[in-house]
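Here are a few exercises to work through with the model open beside you. Try each task before reading its solution.

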2 protein chains.
Amino acid sequence: MLASRLRLVSKRLAFTTLRPIALKTCIKPASAVPNLVRSYSSEKQVSYTVDKFPGYVRHENYKKLSEQDVEYFKSIVGDNGLIYNNEDDLFPYNTDWMHKFRGKSQLVLKPKTTQQVSDIMKYCNQEKLAVVPQGGNTGLVGGSVPVFDEIVLSLQGLNKIRGFDSVSGILTADAGCVLEVLDNWLAEKGYMMPLDLGAKGSCHIGGNIATNAGGLRLLRYGSLHGTVLGLEVVLPDGTVLDNMSTLRKDNTGYDLKQLFIGSEGTIGIITGVSILTPHRSKAVNVALLGLNSFEDVQKAFKQSRIELSEILSAFEFWDINALQMFKKHATPKDVMQNEYPFYVLIETSGSNKDHDDEKLTTYLENMMVDGVAEDGVVAQDETQIRELWSLREGFTEALGKEPAVYKYDISMPVPKLYECVQDMRQHLRDGGVFGNQDSAVTDVVAYGHVGDGNLHLNIAANRLDNQVSALIEPYLFEWVAKHQGSISAEHGLGVAKNEFLGYSKSPVMIKMMKSMKNMLDPNGIMNPYKYLPSN
Amino acid sequence: MLASRLRLVSKRLAFTTLRPIALKTCIKPASAVPNLVRSYSSEKQVSYTVDKFPGYVRHENYKKLSEQDVEYFKSIVGDNGLIYNNEDDLFPYNTDWMHKFRGKSQLVLKPKTTQQVSDIMKYCNQEKLAVVPQGGNTGLVGGSVPVFDEIVLSLQGLNKIRGFDSVSGILTADAGCVLEVLDNWLAEKGYMMPLDLGAKGSCHIGGNIATNAGGLRLLRYGSLHGTVLGLEVVLPDGTVLDNMSTLRKDNTGYDLKQLFIGSEGTIGIITGVSILTPHRSKAVNVALLGLNSFEDVQKAFKQSRIELSEILSAFEFWDINALQMFKKHATPKDVMQNEYPFYVLIETSGSNKDHDDEKLTTYLENMMVDGVAEDGVVAQDETQIRELWSLREGFTEALGKEPAVYKYDISMPVPKLYECVQDMRQHLRDGGVFGNQDSAVTDVVAYGHVGDGNLHLNIAANRLDNQVSALIEPYLFEWVAKHQGSISAEHGLGVAKNEFLGYSKSPVMIKMMKSMKNMLDPNGIMNPYKYLPSN
């Protein structure tokens, strides 16, 4: 039995016959999977947020934009530095990329310097004009578009690389630099950005930091709270907080920059960034395993931390339901002869290809011999690496073709991760909306970043259904809260999740957050109607 | 030439004849090097801080401790949970381990639960009794001892491990757990703490976090801002802020816990900790190189990041002056035949000994062939690893035997690091206090963590001398500020450096820090006279 398994691995480890998988373009990696808290259907029209989610009331204390205001802003950014009262040109700034949220701003400002951002904010604070900072507008919770007529302050004009120290690998740059541009620039120097995500071609590093983006490299390089060394931030009153440290160690006072990492533009506008970048790995390997249970997924993960240790750079999983959903809408290559209840994708990145190959092969053989994995394949070249990753990345698009999907992005202690999925399936069955041919719910699909304890839970349905909604929420949030999880692992709160914050944070925490907000933005002009619960 | 160098490496790489180096006990690694801002001499008597550094005035708004207060505290912690009015028993809580600072507290409280800490703080806040939180009291800037009669709140009674998730490696523990106890406990599970420092046998994990301890593993595992996942903090008014998350990803609101990392007990008392722990490396190597210039040190560091990459776990340096200082007071083994202007100690930690050996050997040979290093040796076993490390760790004790030492712990962009040392030597020569046989300054000695841009600069003198002090300060702080450095890389501010904060942080930053302090501790009862400048 063991011998035959080992032979199977040996055969599989050498596979070179993967044909390209027929996938449509525009696939976003899992880190960019839309999560709209409630649900979305394949609606194409972009209605206004305030019409879609009734209950929002424009704050009376905000001034309405006047011609004089616009003239003043022109004196700061020039005639070409703004878009005013032009519905078509304003549309992409008023609407998120999923066409889920839409605001009614009449004005987009495009400053080119930190001083211009400061001048704008000083005026807005004096005049009580509400402002939404906007980076690449690739967010998933409506955090970067207005709700009413807030002025959009786009950072796209602040796009210069400020400096790079090739000894320490510390990069300083304007906040509006596109992540991929920075990564490509660093590639020539043998370095890379410590984060990677599907939206990298559009998202700004400032936006990444403002939303504390997680993404695909977090397992290896850690969160932005560790890699961001300094920030330049314009406070709501226009004050420039210069904390552009390029030091790995600096114990002189409260680490104020940390507050802005993940603050979603509610207490200041990030204009400059200092970040520690790792060396680009010379060797990258990707393997795929088929497994029988989530227990085995956990065993495989635990062992990978021991055997692959310092070269492990991703450990992703999906269930058979996710694969079947993919197959329903596309024709992915059958990489393995048989299907398995679970799959894990393992990536290693290191400085020595031979060493990494040896470690990975030994690990994979151990997984087979120990009966943890049932089957396994290893990519032999760049193309096959992309093909294996495209399996992991195809679920989002496939789910998008379902009539309706209830999408969630949660984190939990790893051992509880799949229990949540199984529990939800049973709960929906018990509720009479799942399990029969005419059930509203057609499938419950799970995939995610095991290494980060981050689950993307997707409930596919043949229609949006109030009974289904009522069964899922607040049931799921309560389940997550009961198991010390987070209702938003990486996508943030924005306008979509702010009212649910109480499921992940205590009243004491929320009270302190509100004190912080009030202290830094007493007029409440920064990105209103979002992030914190309204009461 | 190349061939002979290679042979030399080959010979050296196999050295097995290191005899034990005769060192005194109690050596602290560099991370624990005392830095007293001004200076210290070999004074043995422990005078009171307020006598030594005149100018402190007890805040009038603090209540003086009464018998009724003590009775109330007894009702919380019991008769055995406090030390009152017993000079001898109070002494170790009133005095730091270097016997540099000394307070006059009459009362030490030793709560055993978070609730007791909360009850104590609630009362102290109501009564305006000032409090100093104290962990292992291993700090270097007087942050953990009182200045006047502040109550010492010791966390030593909160010393339970709360839980460990062996899949994700996330540990939760009381703040009063000793770092080494946690590390040993994790060792049995194949894990390790992500930080290590000389004081590990005494320091508490809560204190480490409150001071944002750097230490020896920072290069590899990053700062506590990245590895600490959650905190439980008792706020100055007794409110318990429960943020004991065990999640790697959680984007629900401001990351409040970050504020407490490095806050030195000025805005709350850390009572519980959740921290991500890495797997313990199976293979550890240590090598020592001799080099001709700091340019070469930088080249060696840059190349180590490429070739050793994911296994590099320390890159330390010292200059010949440091080695000579060591030899003046001890008899370290001559590891190399010749002396060199600079030395670097390189440590690798990985999961596969053969792979690591190969990477390190290749790297060392490249350094020799490229003429970057002049000589190199590699430890062959645990004993030799300790012997090489003890070279790096011996400078502190040696310097302590000098009549007087002016000590600094600064960080800067790596390329500027040694320029600072050379500039200081010239500056002291120009000032007429260094370079002649009868000069007050006998040597300027440098060592530190190249990988972290962290320099320990030590100016040895045959006496404390006002002319020398005036030449060093504020000259050095200005130099550091001019090069975007930090006047305290890892030791914090405490009572020793708070008045110098302006050299590393802007007035805007300091103002915001003070606002934060006032918001969280409106009565100012937490660790007064420290951390922030008095005006």
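## Exercise 1: An annotated domain

For "domain: FAD-binding PCMH-type", an unreviewed entry, UniProt lists residues 101-280 of chain A. UniProt positions follow the numbering used here, feature names are shortened, and annotations may be inferred rather than shown by experiment.

Before you start, note that this is a predicted model, where local features need pLDDT of at least 70, side-chain atom pairs count only at pLDDT 80 or more, and totals for chains, interfaces and linings use all residues. Residues are numbered from 1 along each chain as its sequence is written, chains are lettered from A and ligands numbered from 1 in the order in which they are written, and side-chain values use heavy atoms, with hydrogens and water left out.

**Task.** What are the helix and strand percentages over residues 101-280 of chain A?

**Solution.** Helices (H or I, at least four residues) and strands (E, at least two) are DSSP runs, numbered from the N terminus. Over residues 101-280 of chain A, helix makes up 23% and strand 22%. The C-alpha atoms at the ends of this stretch are 37 Å apart.

## Exercise 2: Unusual backbone

**Task.** Find the cis peptide bond from Glu473(A) to Pro474(A), and place Pro474(A): which two helices flank its loop?

**Solution.**
1. Start with the rule: most residues other than glycine have a negative phi, and most peptide bonds are trans.
2. The bond from Glu473(A) to Pro474(A) is cis, with omega near 5°.
3. Pro474(A) sits in the loop between helix H17 (466-472) and helix H18 (475-482) of chain A.
4. Now turn to chain B: Glu473(B) and Pro474(B) are joined by a cis peptide bond with omega of about 5°.

**Task.** Asn85(A) and Asn527(A) both have positive phi. Is Asn85(A) buried, partly exposed or exposed, and what about Asn527(A)?

**Solution.**
1. Asn85(A), with phi of about 55°, lies in the loop between strand E2 (82-84) and helix H4 (87-94) of chain A.
2. Asn85(A) is partly exposed because its relative accessibility is 46% (buried is under 20% relative accessible area, exposed over 50%, partly exposed in between; 1.4 Å probe, protein chains only).
3. Asn527(A), with phi of about 45°, is in the segment after helix H19 (507-520) of chain A.
4. At 2% relative accessibility, Asn527(A) is therefore buried.
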